[in-house]
Structures are given as C-alpha cells and as structure tokens.
Amino acid sequence: MDFKGVSAILNKYGEQITNAIQTRLRQDDTYASGRTYTSVDYDVDGNELEIYYSDVVNVLDEGLSPNRAYPTINSIVRWMDAKG
C-alpha cells in the first residue's frame with residue numbers, strides 16, 4: 001500500500017542522506033578520483049528507501065577487516081595520482 005505523500009517524503013530523505021554522505025567524503029579529505037563520491041545514491045520503491053554506495057565507503061568508515069584483501073599497488077598509485 002502506498003500512502004499519499006510517502007514517496008515524496010522518502011525522496012526528500014534519500015536526497016538529504018546521500019548529500020550528507022557526499023559532504024562527509026569531501027570534509028574528511030577522502031575525495032580523490034570521485035568514483036566513491038558518485039557511487040552514493042538512493043532509490044525509492046513504493047514505501048521503501050534504499051541507500052547504496054561503493055564498498056569503499058564502508059572501508060573508509062570502518063577500516064579493513066583482517067580477512068579482507070589489501071588494495072593493489074596499482075589502485076594505490078591511481079589514488080596517489082588523483083590526490084596529487
């Protein structure tokens with residue numbers, strides 16, 4: 001059941017949440033190539049709001065878990081080039 005106005009409210013919150021995540025990525029000086037920044041988005045399906053983003057956001061927030069592979073040398077070099 002889709003209550004009147006719920007989709008509009010969810011769209012409003014989806015935009016606010018994605019803007020907040022993107023703002024934090026810029027403020028934390030973690031913005032390099034922009035791929036992680038642009039991966040942040042949302043979708044409203046009926047009465048459900050889904051926020052999605054690259055796994056990199058979780059790594060930036062929580063760090064790498066011990067059982068997770070480290071970044072490759074090439075990805076580190078691309079990041080360094082993007083950061084200048």
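**Close-up views of a predicted model**

**View 1. Tyr-13, a residue of helix 1.** This is a predicted model, and that goes for each of the views below. Tyr-13 has a relative accessibility of 43%, so it counts as partly exposed. Look across from its backbone and you'll come to Leu-49: the two are 36 residues apart in sequence, yet their C-alpha atoms sit 8.5 Å apart in space.

**View 2. Thr-18, also placed in helix 1.** Is Thr-18 buried or exposed? With a relative accessible area of just 6%, it is buried, because anything under 20% goes into that class. Set aside the residues within four places in sequence, and Thr-18 is in contact with Val-40, Asp-41, Tyr-42 and Ile-51. One of those partners, Tyr-42, gets its own view next.

**View 3. Tyr-42 in strand 1, the stretch covering residues 41-45.** Tyr-42 comes in at 19% relative accessibility, and with the cut-off for buried at under 20%, it therefore counts as buried. Which residues does Tyr-42 touch once those up to four places away in sequence are left out? The list is Asn-11, Gly-14, Glu-15, Thr-18, Leu-49, Glu-50, Ile-51 and Tyr-52. Asn-11 deserves a second look: its backbone oxygen is reached by the side chain of Tyr-42 at 3.4 Å. Thr-18 from the previous view turns up here too, as a contact of Tyr-42. For a sense of scale, pick out Val-77, which is 35 residues from Tyr-42 along the chain; the C-alpha atoms of this pair are separated by 30 Å.

**View 4. Thr-36 in helix 2, which takes in residues 35-39.** Here the relative accessibility is 18%, so Thr-36 counts as buried. What does Thr-36 contact, neighbours within four places in sequence aside? You'll find Leu-25, Val-56 and Val-57. Leu-25 falls within helix 1, which spans residues 6-27.

**View 5. Ala-32, sitting in the loop between helix 1 and helix 2.** Residues up to four places away in sequence don't count here; beyond them, Ala-32 touches Trp-79, Ala-82 and Lys-83. Another spot to find in this view is Ile-76, 44 residues from Ala-32 along the chain. The C-alpha atoms of Ala-32 and Ile-76 are separated by 11 Å.

**View 6. Zooming out to the whole protein, with its 4 helices and 2 strands.** Start at the N terminus and the elements run α-α-β-β-α-α. The radius of gyration is 16 Å, well over the 12 Å that the globule rule gives for 84 residues, so the protein is more spread out than a compact globule. Along the principal axes, the C-alpha atoms fill a box of roughly 50 × 30 × 15 Å. Buried residues, such as Thr-18, make up 14% of the 84 residues.

**View 7. The surface, with about 6,700 Å² exposed.** Carbon and sulfur atoms supply 51% of that exposed area. As for charge, the protein has 8 positive and 13 negative charges, and the mean positions of the two sets are 6 Å apart. Back to contacts for a moment: how many of those between residues at least 6 apart in sequence join residues at least 24 apart? The share is 51%.

Notes: Residues are numbered from 1 along each chain as its sequence is written. This is a predicted model: local features need pLDDT of at least 70, side-chain atom pairs count only at pLDDT 80 or more; totals for chains, interfaces and linings use all residues. Side-chain values use heavy atoms; hydrogens and water are left out. The radius of gyration is taken over C-alpha atoms; the globule rule is 2.2 Å times the number of residues to the power 0.38. Buried means under 20% relative accessible area, exposed over 50%, partly exposed in between (1.4 Å probe, protein chains only). Contact means heavy atoms within 4.5 Å. Accessible areas come from the Shrake-Rupley method with a 1.4 Å probe; for residues, only the protein chains shown count as cover. Lys and Arg count as positive and Asp and Glu as negative; His and the chain ends are not counted. The place of a charge is taken as NZ of Lys, CZ of Arg, CG of Asp or CD of Glu. A polar contact is a pair of N or O atoms within 3.5 Å; within protein, one must be able to donate a hydrogen and the other to accept it, and residues adjacent in sequence count only if both atoms are side-chain atoms.
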